[in-house]
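Welcome! Take a moment to look over the protein shown here, and keep it in view as you read. The briefing starts with a single residue and then moves outward to the rest of the chain.

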Amino acid sequence: MKMIAKRGIFLWILAILFTAGIIFLTVSFVSHGSEWAMKNYNPHLYRNGELIGAGTIYDSNDKILAQTVEGKRVYAEDKTTRKSTLHVVGDPKNFISTGVQNTFDSKLTGYNLMLGVYNIERYGKGNDLKLTINSDLCNSAYNLLDGRKGTIGIVNYKTGEVICSVSSPSYDVENVPDNLETSDYYEGVYINRLLSAHYVPGSTFKLVTAICAIENIPDIYNRTWVCNGGYTPKKGVTIECNSNHGDSINFNDALAKSCNSVFAQLAIELGSEKLTATAKELGIGSKITISGEIDGFGGDFNVDNAADDLLGWTGIGQGNTRIAPITMLRISSAIANGGKAVSFNIIDDFANQAGRALDITLPTNKVELMSADVAANMKNMMRYNVQSWYGDDSYPGLNLCAKSGTAQIDSNDSHNIAWFTGFMDDDSHPYAFVVVVENGGSGSQTAGPIANQLLQQLL
């Protein structure tokens with residue numbers, strides 16, 4: 001009897017372990033099945049390490065950006081389109097991690113728990129994807145960068161739809177350069193600079209300092225400052241200004257003329273805690289996600305225990321701060337949209353192999369980055385920038401609100417990073433933008449005209 005009892009207990013233990021194993025495998029399959037199916041050794045989806053088993057990707061005007069034809073992945077007919085949309089679509093081997101072919105691979109292949117990727121065999125392709133981007137606009141943006149490293153992003157600040165996303169350098173996936181991995185020209189070619197580049201923000205960061213000042217200094221619009229061509233903190237070297245702005249410069253003019261003296265003093269007065277709080281509220285340091293899946297670099301900001309001179313440099317955008325262009329685009333969008341940032345999205349819809357729309361859920365969050373009053377004040381100041389400094393004649397018909405930045409990397413001005421960010425204050429054309437050109441010299445003179453040409457195209 002004792003032997004029978006021991007055998008019974010042993011069988012029960014085996015049964016429990018077997019059941020636990022089945023549950024574990026089931027949970028793992030449900031949780032990770034799509035990841036297992038997407039491995040590049042799956043011959044139904046990959047050939048020679050390159051994705052083949054995916055649906056067609058279209059731009060917002062139904063132009064084909066990528067498709068599978070007779071078991072081979074082919075890309076847009078136009079060479080410039082292949083280059084301008086590379087970082088959005090992705091490359092055949094998924095080296096560009098932020099491309100939709102990599103991020104939404106399971107949806108593009110039509111994978112599901114019941115059938116796996118059987119539909120690839122049945123239909124010869126996966127689910128189709130329509131994007132929000134306009135490839136013609138991306139082509140223009142790519143041509144305007146003219147071979148220089150940098151990025152351009154344009155978004156509808158009311159809906160969050162990204163209509164232009166271009167990163168340079170790029171390359172033609174149908175004719176891959178032999179020196180892609182070795183040439184300095186292609187340095188960082190797999191990085192989407194809009195989402196992942198870490199740039200010194202230059203004077204575009206004065207938007208952040210200005211927001212902090214409006215939130216924390218009640219009489220900010222009644223004050224004036226002295227600018228003798230620079231400002232020297234009690235401890236530290238002189239922070240030079242781009243001009244001598246005189247002994248009575250007000251807050252509006254300080255932003256319009258991008259006065260380093262004023263914004264260095266403001267940053268020191270505000271202090272590290274208030275600057276850090278505002279930076280955090282604006283999303284600097286937090287990742288920014290597009291369509292709930294594609295992550296962008298939020299930025300680096302740390303002025304803890306900073307001395308006055310570092311606070312001053314930080315306030316004018318020349319400290320240790322690093323920001324991705326997508327972060328600055330989000331801040332400009334929030335200013336334009338009454339202080340609320342709408343979730344960015346690059347997906348229009350998915351359709352299955354039979355052409356029926358798939359039910360997908362995309363984030364539609366609105367996050368308040370600043371109060372409506374602060375946003376209204378910032379909008380007025382950015383509009384004044386264009387009217388009084390850049391000139392409406394340079395941006396005809398755009399009703400533009402903007403801020404330029406010229407981020408210094410070293411003593412050679414030709415190495416400067418040129419920034420221009422802002423938005424059109426126009427309900428019929430609610431577009432915010434960011435333009436960044438590496439080794440671009442002046443922000444207003446290099447990045448500004450690029451923004452103008454693209455926004456004129458939208459009009």
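Let us begin with Asn94, which counts as buried because its relative accessibility is 14%, and the cut-off for buried is under 20%. Asn94 sits in the loop between α3 and α4 (100-103). Its phi is near 60°, a positive value in a residue other than glycine. Please remember as you go that this is a predicted model.

**Other backbone spots to find**

- Ser258 is another residue with a positive phi, about 55°, although it is not a glycine.
- You can find Ser258 in the loop between α10 (251-256) and α11 (260-281).
- Is Ser258 buried or exposed? With a relative accessibility of 9%, Ser258 counts as buried, because the cut-off is under 20%.
- Which two residues does a cis peptide bond join? They are Ser168 and Pro169, and omega there is about 15°.
- Pro169 belongs to the loop between β8 and α8.

**The chain as a whole**

- How many helices and strands does the protein chain have? There are 15 helices and 20 strands.
- The chain has 459 residues, and 53% of them count as buried.
- About 20,700 Å² of the protein chain is exposed, and carbon and sulfur atoms supply 48% of that area.
- Take the contacts with a separation of 6 or more: residues 24 or more positions apart account for 66% of them.

**A closer look at Ser371**

- Ser371 is in the loop between β17 (366-368) and α14 (372-390).
- Why does Ser371 count as partly exposed? Its relative accessible area is 31%, which lies between the 20% limit for buried and the 50% limit for exposed.
- Leaving aside residues up to four places away in sequence, Ser371 touches Gly338 and Gly339.
- Ser371 and Ile335 are 36 residues apart in sequence, while their C-alpha atoms are 9.3 Å apart in space.

**Aromatic rings**

- A pair of aromatic rings is described by the distance of the centres and the angle of the planes.
- The count of aromatic pairs in this model comes to 11.
- One aromatic cluster is formed by Tyr390, Tyr395, Phe420 and Phe433.

**The largest pocket**

- The largest pocket has a volume of about 550 Å³.
- Its lining is made of 25 residues, and those nearest the centre are Ser203, Asn242, Ser258, Asn260 and Thr406.
- The elements that give two or more residues to this lining are α14, β18 (400-407) and α15 (443-458).
- Which element gives the most to the lining of the largest pocket? It is β18, with 4 residues.
- Sorted by class, the lining of the largest pocket has 6 nonpolar, 14 polar and 5 charged residues.
- Ser258 therefore appears twice in this briefing: it counts as buried at 9% relative accessibility, and it is among the residues nearest the centre of the largest pocket.

**Cavities inside the structure**

- Rolling a probe the size of a water molecule over the atoms shows where empty space is left.
- A search of the whole structure finds 2 cavities of 30 Å³ or more.
- The largest cavity has a volume of about 80 Å³.
- Residues lining the largest cavity include His87, Val88, Thr98, Val162, Ser165 and Asn192.
- Two or more residues of that lining come from each of α3 (86-89), β8 (162-168) and α8 (193-196).
- By class, the lining of the largest cavity has 7 nonpolar, 4 polar and no charged residues.
- The second largest cavity holds about 50 Å³ of space.
- Among the residues lining the second largest cavity are Leu65, Tyr75, Arg82, Leu86 and Val173.
- Here the elements that give two or more residues to the lining are α2 (79-84) and α3.
- The lining of the second largest cavity has 6 nonpolar, 3 polar and 1 charged residues by class.
- Look at α3 once more: this helix gives two or more residues to the lining of the largest cavity and also to that of the second largest cavity.

Terms used: Residues are numbered from 1 along each chain as its sequence is written. This is a predicted model: local features need pLDDT of at least 70, side-chain atom pairs count only at pLDDT 80 or more; totals for chains, interfaces and linings use all residues. Side-chain values use heavy atoms; hydrogens and water are left out. Buried means under 20% relative accessible area, exposed over 50%, partly exposed in between (1.4 Å probe, protein chains only). Contact means heavy atoms within 4.5 Å. Accessible areas come from the Shrake-Rupley method with a 1.4 Å probe; for residues, only the protein chains shown count as cover. Rings of Phe, Tyr and Trp (its six-membered ring) pair if their centres lie within 6.5 Å; planes under 30 degrees apart count as stacked, over 60 as edge-to-face and the rest as tilted. On a 1 Å grid over the protein atoms alone, a cavity is a set of points where a 1.4 Å probe fits but cannot get out, and a pocket is an open set with protein on both sides within 12 Å along at least five of seven lines; lining residues have an atom within 4 Å of a point. Grid points are joined across faces, edges and corners, and a volume is the space filled by probe spheres set on the points. Ala, Val, Leu, Ile, Met, Phe, Trp, Tyr, Cys and Pro count as nonpolar, Asp, Glu, Lys and Arg as charged, and the others, Gly among them, as polar.
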